[in-house]
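Colleague: Please choose one part of this model, look at it closely, and set it out for someone who works at the bench. I would like to know how its charged side chains pair up, and then how that part relates to the rest of the chain.

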Amino acid sequence: MADAAPSTERRGGAGFGGPRRDGERRGRPMHGKKDQKGKKPGRQEEEKEWVPVTKLGRLVKDNKIADLHDIYYHALPIKEYQIVDKFLSGETLKDEVMKIMPVQKQTAAGQRTEVQGLRRHWRSCRPRRS
């Protein structure tokens, strides 16, 4: 019997998190489902028509609010990304780095230096309000 080849089949249930005989996993449960691997959460339903949830969203969809200026003027919170998308859909935003500066932070081990930047975003063709 010394000539018998060792079995390549792995048996579980002996510890160390190996597979068990009944196919059950050990350890932390898997988050999500296996068939959704690689899909990212977020704007997956962009093709569907926007159904506003907030009062501001309903006003924007009904064209009662004409510009982002009106929203910011009355300090209304924007809780739906579709509101901004509706106003900035055809325009191009410009981006500019205005200032880069080193910032020091005191830690228990001493000082730590980080680099902080200030950016500015604006619309290239913005009509003036009079």
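Modeller: A residue counts as buried when its relative accessible area is under 20%, as exposed when that value is over 50%, and as partly exposed in between. With that scale in hand, and bearing in mind that this is a predicted model, I would begin at Glu114, which has 34% relative accessibility and therefore counts as partly exposed. The side chain of Glu114 meets that of Lys105 in a salt bridge, with 3.7 Å from N to O, and Lys105 is itself partly exposed, its relative accessible area being 41%. Glu114 also forms a salt bridge with Arg112, where the closest N and O atoms are 3.9 Å apart. A salt bridge is accepted here when a side-chain nitrogen of Lys or Arg is within 4 Å of a carboxyl oxygen of Asp or Glu, so the 3.9 Å of the Arg112 pair falls within the cut-off. Arg112, at 47% relative accessibility, is again partly exposed, and the shared partners join Lys105, Arg112 and Glu114 into one network.

The two strands give this network its setting. Strand β1 runs over residues 93–107, while strand β2 takes in residues 110–123. Asp95, which is placed in β1, shows how residues far apart in sequence can meet: Asp95 and His121 are 26 residues apart along the chain, yet their C-alpha atoms are 4.7 Å apart in space. Leaving aside residues up to four places away in sequence, Asp95 touches Arg119, Arg120, His121 and Trp122, and at 41% relative accessibility Asp95 counts as partly exposed. Val115, found in strand β2, belongs to a nonpolar surface patch of about 320 Å² that it makes with Val97 and Ile100, and with a relative accessible area of 68% Val115 is exposed.

To place this part within the whole, the protein has 3 helices and 2 strands, and from the N terminus on these elements run α-α-α-β-β. The salt bridges come to 3 in total, and the one not yet described joins the side chains of Glu49 and Lys61, with 3.2 Å from N to O. Glu49 lies in the segment before α1 and Lys61 in helix α1, so this pair ties together parts that are 12 residues apart in sequence. Glu49 is exposed at 64% relative accessibility, whereas Lys61 is partly exposed at 29%.

The nonpolar side chains of the helices are the other element to keep in view. In soluble globular proteins, nonpolar side chains tend to be buried together. Here the largest nonpolar core has 8 residues, namely Trp50, Leu56, Val60, Ile65, Leu68, Ile71, Ile83 and Phe87, and helices α1 (55–61), α2 (68–73) and α3 (81–87) each supply at least two of them. Phe87 touches Val60, Ile65, Ala66, Asp67, Leu68 and Ile71 when residues up to four places away in sequence are not counted. Over the whole chain of 130 residues, 11% count as buried, and the protein exposes about 12,500 Å², of which carbon and sulfur atoms supply 50%.

Technical notes. Residues are numbered from 1 along each chain as its sequence is written. This is a predicted model: local features need pLDDT of at least 70, side-chain atom pairs count only at pLDDT 80 or more; totals for chains, interfaces and linings use all residues. Side-chain values use heavy atoms; hydrogens and water are left out. Helices (H or I, at least four residues) and strands (E, at least two) are DSSP runs, numbered from the N terminus. Buried means under 20% relative accessible area, exposed over 50%, partly exposed in between (1.4 Å probe, protein chains only). Accessible areas come from the Shrake-Rupley method with a 1.4 Å probe; for residues, only the protein chains shown count as cover. A nonpolar core is a set of buried Ala, Val, Leu, Ile, Met, Phe, Trp, Tyr and Cys residues joined through side-chain atoms within 4.5 Å. Contact means heavy atoms within 4.5 Å. Patches are made of residues with over 30% relative accessible area and no salt bridge: like charges are joined within 9 Å, nonpolar side chains (Val, Leu, Ile, Met, Phe, Trp, Tyr) within 5 Å.
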